[in-house]
Amino acid sequence: MANVSIAVIDTLRATASKIESDTRYQWGHMGLCNCGFLAQEITKLSKSEIHTRAMQRHGDWTEQLNDYCPTSGLPMDQLIDELIVFGFTADDMRHLEKLSDGQILRTLPVHKRNLQYNSKKDVVTYLRTWATLLEEQLLGQIILVLNEEKTVLADV
């Protein structure tokens with residue numbers, strides 16, 4: 001799962017808000033789909049620049065991620081590199097494209113777990129749920145640090 005960091009959490013929330021407010025969401029367009037919006041947020045590339053990079057090789061995001069080679073020098077692989085360096089894994093992106101990460105889905109109420117990967121509303125739900133999950137993990141880390149400090153102070 002993605003790195004637990006404020007930057008990743010903020011990016012997931014910003015991506016969800018952008019998808020929610022943008023009328024151009026289109027799952028079949030490499031720059032306007034689930035991963036495309038995330039890539040726009042991180043790289044600041046336009047939808048057209050992302051789509052152009054992707055069209056230099058075959059397939060959707062899942063196939064592009066399966067063919068990903070960090071040393072290829074291909075523009076799409078460089079874009080994927082940026083997402084990985086930022087804190088996401090290739091599996092995160094595969095799951096985002098299909099809204100399929102079990103850990104994220106299990107945090108949703110049972111009646112809301114059947115998300116449609118090409119539904120704008122469901123993508124927003126998935127991204128916000130993911131951000132909340134990471135935020136809870138981050139808060140858990142902070143509490144552990146505080147508990148250790150209390151323990152140290154109590155021993156003094």
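What follows is a conversation about how some labels are assigned in this predicted model.

Colleague: Which residues touch the most other members of the largest nonpolar core?

Modeller: The core has 43 residues, and those touching the most other members are L12, W61, F88, L96, Y126, L127 and W130. At least two core residues come from each of helix 1 (6-21), helix 2 (34-43), helix 3 (47-54), helix 4 (61-67), helix 5 (75-86), helix 6 (90-98), helix 7 (102-106) and helix 8 (120-155). Helix 8 gives the most, with 9 residues.

Colleague: What does L96 touch, leaving out residues up to four places away in sequence?

Modeller: L96 touches N34, C35, L38, Y126, L127 and W130. Among these, Y126, L127 and W130 are also on the list of core residues that touch the most other members.

Colleague: Why is Q40 called buried?

Modeller: The relative accessibility of Q40 is 7%. Buried means under 20%, so Q40 counts as buried.

Colleague: What surrounds Q40, not counting residues up to four places away in sequence?

Modeller: Q40 is placed in helix 2 and touches K18, G31, L32, L45, S46, K47 and I50. With G31 there is also a polar contact: the Q40 side chain reaches the backbone oxygen of G31 at 2.5 Å. The limit for such a contact is 3.5 Å, so a distance of 2.5 Å falls within the limit.

Colleague: What makes Y25 and F37 a stacked pair?

Modeller: Two values decide it. The ring centres are 6.3 Å apart, and rings pair if their centres lie within 6.5 Å. The angle between the planes is 25°, and planes under 30 degrees apart count as stacked. The pair is therefore stacked.

Colleague: What does the pair of Y25 and F37 tie together?

Modeller: Y25 lies in the loop between helix 1 and helix 2, while F37 lies in helix 2, so the pair ties together parts 12 residues apart in sequence. Y25 is buried at 14% relative accessible area, and F37 is buried at 0%.

Colleague: How many aromatic pairs are there in the whole structure?

Modeller: The search finds 5. There is also one aromatic cluster formed by F86, F88, Y126 and W130.

Colleague: How do you know that the charged end of K98 sits over the ring of Y117?

Modeller: The charged end of K98 is 4.7 Å from the centre of the Y117 ring. The distance limit is 6 Å, so 4.7 Å meets that part of the test. The test also asks for a position within 35 degrees of the ring normal; K98 is listed as sitting over the ring, but the angle itself is not quoted here.

Colleague: Why do E135 and R13 count as a salt bridge?

Modeller: Their side chains meet at 3.2 Å, N to O. The limit is 4 Å, so the pair qualifies. E135 lies in helix 8 and R13 in helix 1, so this bridge ties together parts that are 122 residues apart in sequence.

Colleague: Are E135 and R13 buried, exposed or partly exposed?

Modeller: E135 has 30% relative accessibility and R13 has 28%. Buried ends under 20% and exposed begins over 50%, so E135 is partly exposed, and so is R13.

Colleague: What separates D91 and R94 in helix 6?

Modeller: D91 and R94 are 3 residues apart in helix 6, which means they are separated by about one helical turn. Their side chains meet in a salt bridge at 2.7 Å, N to O. D91 is partly exposed at 45%, and R94 is partly exposed at 22%.

Colleague: How many salt bridges does the whole structure hold?

Modeller: The search finds 6. Another of them joins K44 and E41, with the closest N and O atoms 3.9 Å apart. The limit is 4 Å, so that pair still counts.

Colleague: Why is K44 called exposed?

Modeller: K44 has 61% relative accessibility, and exposed means over 50%, so the label follows. K44 is found in the loop between helix 2 and helix 3.

Colleague: What is the phi of K44 near?

Modeller: Phi of K44 is near 65°, a positive value in a residue other than glycine. L99 also has a positive phi, near 55°. L99 is found in the loop between helix 6 and helix 7. At 3% relative accessibility, L99 counts as buried, whereas K44 counts as exposed.

Conventions: Residues numbered from 1 in each chain as written. Predicted model: local features only at pLDDT ≥ 70, side-chain atom pairs only at ≥ 80, totals over all residues. Heavy atoms only, no water. Core = buried A, V, L, I, M, F, W, Y, C linked by side-chain atoms within 4.5 Å. Buried < 20%, exposed > 50% of the residue type's maximum accessible area, 1.4 Å probe, protein only. Helix = DSSP H or I, 4+ residues; strand = E, 2+ residues; numbered from the N terminus. Contact = heavy atoms within 4.5 Å. Polar contact = N/O pair within 3.5 Å; in protein donor to acceptor, adjacent residues only side chain to side chain. Phe/Tyr/Trp six-rings, centres within 6.5 Å; stacked < 30°, edge-to-face > 60°.
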